[in-house]
Structure formats: structure tokens, C-alpha cells
Amino acid sequence: KEYKVQPQWAYPNVWMTPPELKREMLRRSDHFHDLRDDVDGQSAVNNLSRRIGSLHVEVLSCHGLARQETVADAINLSDGSGGAVVYLVAGAKAFCTDTIPGIRDHFWLRKTKRAVIFPLHHPYDHLYAGVFDADTNDFSGRVCIDVAKLRPDSTYVITLPLRQSAQMYARRGRGTIQLRFKLEWDDDKAAV
């Protein structure tokens, strides 16, 4: 069975089978949105906070997202497309992916807006990824990645369970998110 690839602007009139979607999803992104302020490591906003590295992040997929019933769904006001959007935050920078329609499984393919380069100013920074329903802005879940636990110049492709918060456990799963990321230190001494 073939599915129409979304968003239309990135893949006009393209249909793919599930294995083709997975192959396209795992390919390297065509474009990374670079959020680093500068080229030489000095922040344009605050010259006292020097960039010591960067974190390259790609959102690949979300699976098993729970469809949350809302008042609009109950009275048939929403279109029911159930699109998902992912917000990434590291330090003082934030990034938003394209909205990918679907019910429970969402794939961000290599031509979509899914990849970003975050500047790192502290070795103990965190990457937060939050998944939301694009129609209703309902929160699906989040993950937190501790940059200090990552090995530099290694590429990670991981699938993490979404949580409501770090301190809260729920029996019912909220779904998973698959990310690919790579840590690069500009200044190894400052990273330690």
C-alpha cells in the first residue's frame, strides 16, 4: 500500500510504501537550520558567554502517539487530521519542525524542516524535545537529553519514550520519538 507523502511543498505528488518511507526518513537531512550566532565562537548577544560546541539534531519519527479526545472532536469541529509537530529547545535557542499529518505514526523525511544545529555554551546543557498535536496544541509528551552524557563526534540514532514530565510516571504510554544527533566540541578544554 502506498501513502501520499506530506508536506506537499517538500514532496509534491509523491507516493511511497512504508519501506520507502523508512529509507527516506533515515537519509541525512537536505538542510540544517543553523542557530549558531556567529562563526568564530563569540555570541552576538553576550560576548561573555563563549560557544564551546554545537549539537546537530534531526527529528526522524514519532510512533504510538495517543490521540487525545477534545471538546472540538466530540462535536466534530476539528478536521481530525491529528498532525504532529515537535519543538526542540537547547539553551536559549528553540526550533520547530514541520507539521506532519497522521493518526499515530509520523515520519519527518529528509526534505522536510526537521534538522537544526544548536550552539552549546555550557557542557551541562540539555536538549528538550516536546511533541504536540498541531490542530489542538495538546501536549503528547517530551524527552530530555543530557549533553554531558554524550560522546563527542559520535552519531546517535535513538528512540525514546515520551513522558509527561521527568518526575512523573504514567502506566499508559504516550508514544515514542526517534532522534538522530551528534555532539561536536569546539573547545575540548572548556567542555571538561
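**Close-up 1. Leu 88 and its bridge partner in the hairpin of strands 5 and 6.** Leu 88 has Phe 95 of strand 6 as its bridge partner in this predicted model. The two strands, strand 5 (residues 84-90) and strand 6 (residues 93-96), run antiparallel to each other and share 4 bridges. Just 2 residues sit between the strands of this hairpin, and Gly 91 adopts a positive phi near 65 degrees there.

**Close-up 2. Ala 94, out in the open on strand 6.** Stay with the hairpin for this one: Ala 94 is part of strand 6. Its relative accessibility comes to 55%, and because the cut-off for exposed is over 50%, Ala 94 counts as exposed. Ala 94 still has company, though. Leaving aside residues up to four places away in sequence, Ala 94 touches Leu 35, Leu 88, Val 89 and Phe 118. Leu 88 is the residue that bridges to Phe 95 in the previous view. As for Phe 118, it lies 24 residues from Ala 94 along the chain, with 8.4 Å between the two C-alpha atoms.

**Close-up 3. His 56, tucked into strand 4.** Here we move to strand 4 (residues 53-63), home of His 56. With a relative accessible area of 16%, His 56 falls under the 20% cut-off and is therefore buried. The side chain of His 56 makes a polar contact of 3.3 Å with the side chain of Glu 184. Skip residues up to four places away in sequence, and the residues His 56 touches are Phe 32, Val 116, Ile 117, Arg 180, Phe 181, Lys 182 and Glu 184.

**Close-up 4. The buried face of helix 1.** Helix 1 covers residues 18-26, and its buried residues are Leu 21, Glu 24 and Met 25. Look down the axis of helix 1 and these buried residues fall within an arc of 100 degrees, so they line one face of the helix. Their cover includes strand 1 (3-4), strand 2 (15-16), strand 4, strand 7 (106-107) and strand 12 (176-185). Strand 4 is familiar from the previous view, as the strand that holds His 56.

**Overview. The whole protein behind the close-ups.** Zooming out, the protein has 3 helices and 12 strands. It is 192 residues long, and 41% of them count as buried. Among contacts with a separation of 6 or more, 65% are between residues 24 or more positions apart. The protein exposes about 10,700 Å², with carbon and sulfur atoms supplying 52% of that area.

Terms used
Residues are numbered from 1 along each chain as its sequence is written. This is a predicted model: local features need pLDDT of at least 70, side-chain atom pairs count only at pLDDT 80 or more; totals for chains, interfaces and linings use all residues. Side-chain values use heavy atoms; hydrogens and water are left out. Buried means under 20% relative accessible area, exposed over 50%, partly exposed in between (1.4 Å probe, protein chains only). Contact means heavy atoms within 4.5 Å. Accessible areas come from the Shrake-Rupley method with a 1.4 Å probe; for residues, only the protein chains shown count as cover. A polar contact is a pair of N or O atoms within 3.5 Å; within protein, one must be able to donate a hydrogen and the other to accept it, and residues adjacent in sequence count only if both atoms are side-chain atoms. Two strands pair if DSSP finds at least two bridges between them. The arc is that of the directions from the helix axis to the C-beta atoms.
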